[in-house]
Amino acid sequence: MEPTEQVINEEVVGGPSIPDELPVVRLLNGVIFPGMLAPLTVTNPLDVELIDEALSDNRMIALVAQRDPDVERPSPDGLYEVGLVALIQKMIQLPNADRRLLVRGLARVRMAEWTQTQPYLRAQVEEIAEPDDVTDTIRARNQALLDLLRRLVEVAPHMPEEIFIQALNLEHPGALADMIVSVLDLDVTERQEVLETIDLDTRLRRVMTLATREMEQYELTARMQQDARDELGQAQREYFLRQQLKAIQEELGEGAEERPDLVELREKVTQAKMSEEAREAADRELERLENMNPAAAEYNVSRTYLEWLVEVPWLEATSETIDVKEAQRVLDEDHYDLEDVKERIVEYLAVRKLRADIKGPILCFVGPPGVGKTSLGKSIARATGRKFHRISLGGVRDEAEIRGHRRTYVGALPGRIIQGIKRAGVNNPIFMLDEIDKLGSGGAFRGDPSSAMLEVLDPEQNDTFSDHYLEVPFDLSNVVFITTANVLDTIPPALLDRMEVIRLAGYTKKEKLHIARRYLVPRQRDEHGLTTEQFSISDAALEQIIDGYTREAGVRNLERQIGAVARKIARKVSEGDDSPPNVSMRNLENLLGPRLFYSDVAQRTGQPGVVCGLAWTQAGGDILFIEASKMPGASQLTMTGQLGDVMKESGMAALSWVRSHAQQLGIDPNFYEKTEIHLHVPAGAVPKDGPSAGVSMATAIVSLLTGRTVKPNVAMTGEITLRGKVLPIGGVKEKVVAARAAGIDTVILPLRNQAQVEQVSKDHTEGMTFIYADTIEDVLAAALE
């Protein structure tokens, strides 16, 4: 049950008249004064009934303090005679039926006669008017009380400055006295005494006495705290005296030797290659350390900071002799294909050879898992002759992970950027920021780490990157930053704008075969301690592993399957078989088990209403089947397969287009009045969304209603409009690679995606036919038998 809230309109309660009789609420341990806004919680069911009655009447109640707070629901004799009439401003009903009120005090009242005691109290009340006669003496006391309140606000931790500003705006001295006594730390008896004091001069003098007593208590507490601080500072004073004594002894030639740790630190600072700002900070901190007691808590903090300043490579850089041809050879040796990345790195080296002060590029490799994004960074470091350092940003949710903690915190350290530079030992490494698309957000408390990355990855700012721990600018412009991501959608636009995006699509079967033969098989052979004679795999067996045991854009699972075969061979060798048979098509199934994946495009699309579509996922491109079925019913479209809202809207748009063009397509125009259509996308456990299945859905519906099957080995993708236009989509290269891997030789694409297809390498499109459609009629003409 949620709390319910009732707010009283302020305009209604501008100047209410106080009735002669009111319900009375007992105050257990508090006194409320006129003009105050105070919270009040009512828990007794009888008092709850009282509040409900007041809300239905004039919303006024009398509030009277109990003489003995230990007595539960005392009789009228147990209450004070003078109380307060209050107006209920707001009421919240809590789940346990209690009431939480916000009341505003209106005026003092005297309980003249008790008219009801059960089930709750009611009494006739007499309003006590506030005196209007303000003499010069009262004005003087009023000013003195204001001065005392100003001093109280300065020393009392629980009194905000707004209290004094509010007091300045009060015109009546009685209101000032009531407001001040309401914020003082008093017991119920003292507050009640002020409430019952009507005479202005007497009330002001009483409040001034109480406020002066509280002021003296605060001043006494401050003196006691100062004495405690003086005692703690005694050790520091003794240390300064020892330092003076040491200086006198040195003047007399009797000085002791300098501490060995300071001598060692001074030598490190002298020998370190530091920037001008860093050396100034180091000298300043060293001087501070020399004048500090080694037993002081800050001594180790200061020493650790100084060691970090010394060990960070401010001016240390890798000396490089740039050979563009050698760099190209190293990249080709380590990675097959990936020509766009290799070309960008070689171009950077070529420009750097002509101009040494060029800033390092900030690249972002985007692609599915297993295509070699992380290992490519190591190859770039080897090709450029630089040090390599990698950090993973997956799950980082604290800005301090990037910028470091301030030294005021216990255990503070620099952020991961400066720590990585220190581990690399130079100021110009290849710095890989892995999984930048999985950078978290820590909210208001922890800050936003993606915002902290803006300065790191901005060539116009990162030459003066400031870590919170070092507080000295560090030049990151010589660092080559390489970030990796599976998707770009989760990267903030401002951060993405600072990076040069290079997309890495999945590998074709031919490329995977080459990579397996050249890299994966030799690596698994070495990792399992086998020789070339003991472990070799035929090309046909590798192709079978690629087609039948893996379904991925990269080669990670392929290497895992090759490793599984290597373990089987290693076991045979360990059991005494020195010449196990080569892995071929004949024995592959015995080693890896039954085949896991089959290409069933032709079998599944051989009947009306089934279409092969193309999709893009975080793991690369993939094919998906869209099945349409009809049954007797009335004007209903059902879509299943865990589809997102955008994909469902594409299905509705496809059906609307088919209905509006039914006669042209040879379909009964009234088919929808007696037919229910069901669209299903198999693999229902996998969420699917996006507009690119619109063309496939329209084709599936037309195929179903006309009885014409889709041509074998044809796949399609594209967004559809209500006018039948085919709009462009993304992930073209990934989808083309997935289509070829599935054995599809004809792909229907939007006309405006033709330029992207032409950019795909010939290895990915060899033997494939591409049909470009501008309207859904073009798609149907090319796809249907």
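**Close-up 1. The open five-stranded sheet with parallel pairing in the predicted model.** In this predicted model, five strands form an open sheet in the order E9-E10-E13-E8-E14, and their pairing is parallel. The edges of the sheet are held by strand E9 (388–392) and strand E14 (500–503), each of which has a single partner strand, so one side of each is left without a neighbour in the sheet. From one strand to the next, the twist averages 20 degrees.

**Close-up 2. The pairing of strands E8 and E13.** Within the order of the open sheet, E13 is followed by E8, and the view centres on these two strands, E8 comprising residues 362–366 and E13 comprising residues 480–485. The two strands pair in the parallel sense over five bridges. One bridge can be followed at the level of residues, since Leu 363 has Ile 482 in E13 as its bridge partner.

**Close-up 3. Strand E7 and its antiparallel pairing with E2 and E6.** Strand E7 (residues 121–128) pairs in the antiparallel sense with strand E2 (residues 21–27) over four bridges, and in this pairing Ala 123 of E7 is the bridge partner of Leu 22. Strand E6 (residues 99–116) also runs antiparallel to E7, to which it is joined by seven bridges. The connection from E6 to E7 is a hairpin that passes through four residues, and Gln 116 stands opposite Arg 122 in E7.

**Close-up 4. The surroundings of Asn 142 in helix H2.** Asn 142 belongs to helix H2, which spans residues 136–155. With a relative accessible area of 16%, Asn 142 falls under the 20% cut-off and therefore counts as buried. When residues up to four places away in sequence are not counted, Asn 142 touches Pro 173, Leu 176 and Leu 204.

**Close-up 5. The second largest pocket and its lining.** The second largest pocket has a volume of about 670 Å³ and is lined by 31 residues, of which Lys 512, Arg 551, Glu 552, Ala 553 and Ala 741 lie nearest its centre. At least two lining residues are supplied by each of helix H19 (509–527), helix H20 (539–548), helix H21 (556–574), strand E16 (620–632) and helix H26 (732–741). H26 gives the most to this lining, with five residues. Sorted by class, the lining of the second largest pocket comprises 12 charged, 11 nonpolar and eight polar residues.

Conventions
Residues numbered from 1 in each chain as written. Predicted model: local features only at pLDDT ≥ 70, side-chain atom pairs only at ≥ 80, totals over all residues. Heavy atoms only, no water. Pairing = 2+ DSSP bridges. Axes fitted to C-alpha atoms, helices over the stretch in contact; angles between N-to-C directions. 1 Å grid on protein atoms, 1.4 Å probe; cavity = no way out; pocket = protein on both sides within 12 Å on 5 of 7 lines; lining within 4 Å. Points joined across faces, edges and corners; volume = space filled by probe spheres on them. Nonpolar A, V, L, I, M, F, W, Y, C, P; charged D, E, K, R; others polar. Buried < 20%, exposed > 50% of the residue type's maximum accessible area, 1.4 Å probe, protein only. Contact = heavy atoms within 4.5 Å.
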